[in-house]
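Here are my notes on the model you sent, set out as numbered points. Please read them with the structure open beside you.

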Amino acid sequence: MNIAIVGASGAVGQELLKVLDQTDFPVDNLRLFGSSRSAGSKYQFRGKEITVEELSQQSDFNGVDIAFTSAGASTSKEYADIITRHDTLMIDNSSAFRMDPDVPLVVPEVNGEDAFNAPRRIIGNPNCTTIQMVVALKPLHDLSP
């Protein structure tokens, strides 16, 4: 699977890189994107050195299966069409699409099946405190809707 991380040099991007590196997630090719300040930075991934590309209007996501984005809401909004243009699935960690009716808001442990209905090819997630709360509330809801 071809994966991209947008916001690769930030704290969340670094955590995504670490999680992908430490799991059996099938990554055939990994591309890292960041700001002009981060472009050129190098990170290790499964024994290979990967250079951060500058995210721009000319960035090409053709062939990327999934792009994990964590570069802020304004960046997500600005680049969503560029990222999804060639059918890339964008999994966004910002607040940009949380109220968009065409973007499912997914917590895998709670409503993971909603990820399969993403008409804009974008999946959002709620903020971190909400995620923890709904994961805790889901078993109670299952007992008594």
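1. Serine 76, in this predicted model, is in contact with Thr69, Met90, Asp92, Ser94, Ala96 and Phe97 once its neighbours within four places in sequence are left aside. The residue belongs to helix H2, which runs over residues 73-84, and with a relative accessibility of 3% serine 76 counts as buried, because that value falls under the 20% limit. One of the contacts is polar: the side chain of serine 76 meets the side chain of aspartate 92 at 2.5 Å. When you look at this site, it may help to display the two side chains of that pair together with the other contact residues, among them Met90 and Phe97.

2. Which residues have the most contacts inside the largest nonpolar core? That core has 18 residues, and the ones with the most contacts inside it are Ile3, Ile5, Leu17, Leu20, Leu30, Leu32 and Phe45. Two or more residues each are given to this core by strand E1 (2-6), helix H1 (11-22), strand E2 (29-34), strand E3 (42-45), strand E4 (48-54) and strand E5 (66-69). Apart from this core lies another, of 16 residues, which includes Phe33, Ala67, Tyr79 and Val103.

3. Leucine 30 offers a view of the larger core from one of its residues with the most contacts. With neighbours within four places in sequence set aside, leucine 30 is in contact with Ile3, Ile5, Leu17, Leu20, Phe45 and Ile50.

4. The count of salt bridges comes to five, and I comment here on a pair within helix H1, formed by lysine 18 and glutamate 15. The closest N and O atoms of lysine 18 and glutamate 15 are 3.5 Å apart. Because the two residues are three apart in helix H1, about one helical turn separates them. Lysine 18 is partly exposed, with a relative accessible area of 42%, and glutamate 15 is likewise partly exposed, at 41%.

5. Another salt bridge within a helix joins aspartate 142 to lysine 138, with the closest N and O atoms 2.6 Å apart. Both residues lie in helix H4 (residues 128-143), where they are four residues apart, about one turn of the helix. Aspartate 142 has a relative accessible area of 46% and is partly exposed, while lysine 138, with 22%, is also partly exposed.

6. What does the salt bridge between arginine 121 and aspartate 87 tie together? The side chains of these two residues meet at 3.2 Å, N to O. Arginine 121 lies in the loop between helix H3 (108-111) and strand E7 (122-123), whereas aspartate 87 lies in the loop between H2 and strand E6 (89-92), so the pair ties together parts that are 34 residues apart in sequence. Arginine 121 counts as partly exposed, at 29% relative accessibility.

7. The backbone of arginine 121 also deserves a remark, as this residue has a positive phi of about 65 degrees although it is not a glycine. Arginine 46 likewise has a positive phi, of about 50 degrees, and is not a glycine either. Arginine 46 is found in the loop between E3 and E4, and with a relative accessible area of 36% this residue is partly exposed.

8. Proline 104 is placed in the loop between E6 and H3 and is buried, with a relative accessible area of 11%. Proline 104 and alanine 118 are 14 residues apart in sequence, yet their C-alpha atoms are 6.1 Å apart in space. Beyond its neighbours within four places in sequence, proline 104 is in contact with Asp114, Asn117, Ala118, Ile122, Ile123 and Gly124.

9. Finally, the surface: Met133, Leu137, Leu140 and Leu143 form a nonpolar patch there, and together they have about 440 Å² of accessible area. Leucine 137, one of these residues, has its place in helix H4, the helix that also holds aspartate 142 and lysine 138. With a relative accessible area of 43%, leucine 137 is partly exposed.

Technical notes. Residues numbered from 1 in each chain as written. Predicted model: local features only at pLDDT ≥ 70, side-chain atom pairs only at ≥ 80, totals over all residues. Heavy atoms only, no water. Buried < 20%, exposed > 50% of the residue type's maximum accessible area, 1.4 Å probe, protein only. Polar contact = N/O pair within 3.5 Å; in protein donor to acceptor, adjacent residues only side chain to side chain. Contact = heavy atoms within 4.5 Å. Core = buried A, V, L, I, M, F, W, Y, C linked by side-chain atoms within 4.5 Å. Salt bridge = Lys/Arg side-chain N within 4 Å of Asp/Glu carboxyl O. Patch = residues over 30% accessible without salt bridge, like charges linked within 9 Å, V, L, I, M, F, W, Y side chains within 5 Å. Areas by Shrake-Rupley, 256 points an atom, 1.4 Å probe, with all protein chains shown as cover.
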